[in-house]
Amino acid sequence: MAPLDPTVAKALDTHPVSEDIHEDALLDSLENDSTLNTFREQRMQQLHSEITRAKYLRGQEHGTYTEIRDEKALMEITTTTKWCVVHFFKPDFGRCGIMDEKIEALAPKHLDTRFLRINVDNAPFLVTKLKIQVLPCVLAFVDGVSRDRIVGFEGLGYSEDTFTMKDLEARLLRAGVLAREKVLGIDMPSTARRRKEKEDDDDEDWD
């Protein structure tokens, strides 16, 4: 895929393509760019192409955070999609809920990547094969090969209990499963609510 012109990338990131946005709104954002004249036609063509591609990807469930209930289906998606981020979770684990919130907010910004989740109870083979023992566990796949693993909130944020969507995006960028940085500004960190039970003092191990 050819690199995006920075002006086109800015227009797309400022006005994300969605079902209810019209192409004219994005084209108008380029028309207002004072540096556009020299490269006007190329930028317009590239923007039109990117809008068409984004709409196609949305039709293929990109831009959503989807729960997969069958591990064979999950394996099919990860081996046929270039970039995938998969969250292995349990619904009653508090930290899994926090990870869900961040991934769900990140997914619409990165249409080139599939964002998926699967309950570990529905994936006994993968849990064993991938040696998943601590939740939440997020795996980054490139062409079906695992390139990074986030265990709990390890490697995110400045403490073991807080991280932002930007922190998560930066980690996934380093793993090579996102096209470019898209989280703008500063978002507030999520703090894991500690329960009184001892097991909630650490990442949750269900074995």
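**Strand β5 and its surroundings**

Biologist: Let's begin in the β-strands: which residue of β6 is the bridge partner of F141?

Modeller: We are looking at a predicted model. Here β5 and strand β6, residues 145–151, pair in the antiparallel sense over six bridges. Along this pair, V142 stands opposite V145 in β6. For F141, the bridge partner in β6 is S146.

Biologist: Which residue takes a positive phi in the hairpin of β5 and β6?

Modeller: The hairpin has two residues between its strands. Before them comes V142, whose opposite number in β6 is V145. With a phi near 55 degrees, the residue you are after is D143.

Biologist: How many bridges join strand β2 to β5?

Modeller: Strand β2 covers residues 83–89 and runs antiparallel to β5. One bridge to look for in the structure pairs V85 with A140 of β5. The number of bridges joining β2 to β5 is six.

Biologist: In what order do the five strands of the open sheet lie?

Modeller: The pairing in this sheet is mixed. Its edge strands are β1 and β6, each of which pairs on one side only. Neighbouring strands are turned by 25 degrees against each other on average, with direction ignored. Read across the sheet, the order is β1-β3-β2-β5-β6.

Biologist: Is β5 largely enclosed by the rest of the structure or left open, and why?

Modeller: Let's check both faces of β5. On one side C137, L139 and F141 are buried, and on the other V138, A140 and V142 are buried. Because six of the six residues of β5 are buried, the strand is largely enclosed.

Biologist: At about what angle does helix α5 run to β2?

Modeller: Helix α5 spans residues 94–106. It lies across β1, β2, β3, β5 and β6. Its angle to β2 is about 155 degrees.

Biologist: Is the peptide bond from L135 to P136 cis or trans?

Modeller: P136 sits in the loop between β4 and β5. Most peptide bonds are trans. The bond from L135 to P136 has omega near -5 degrees, and that makes it cis.

Biologist: What is the relative accessible area of E61?

Modeller: E61 is in the loop between α3 and β1. Its phi is positive, about 70 degrees, although E61 is not a glycine. E61 is partly exposed, and its relative accessible area is 43%.

Biologist: And is K131 buried or exposed?

Modeller: You will find K131 in the loop between α6 and β4. K131 also has a positive phi, near 55 degrees. With a relative accessible area of 67%, K131 is exposed.

Key
Residues are numbered from 1 along each chain as its sequence is written. This is a predicted model: local features need pLDDT of at least 70, side-chain atom pairs count only at pLDDT 80 or more; totals for chains, interfaces and linings use all residues. Side-chain values use heavy atoms; hydrogens and water are left out. Helices (H or I, at least four residues) and strands (E, at least two) are DSSP runs, numbered from the N terminus. Buried means under 20% relative accessible area, exposed over 50%, partly exposed in between (1.4 Å probe, protein chains only). Two strands pair if DSSP finds at least two bridges between them. Axes are lines fitted to C-alpha atoms, for helices over the stretch in contact, and angles run from 0 to 180 degrees between N-to-C directions. Contact means heavy atoms within 4.5 Å.
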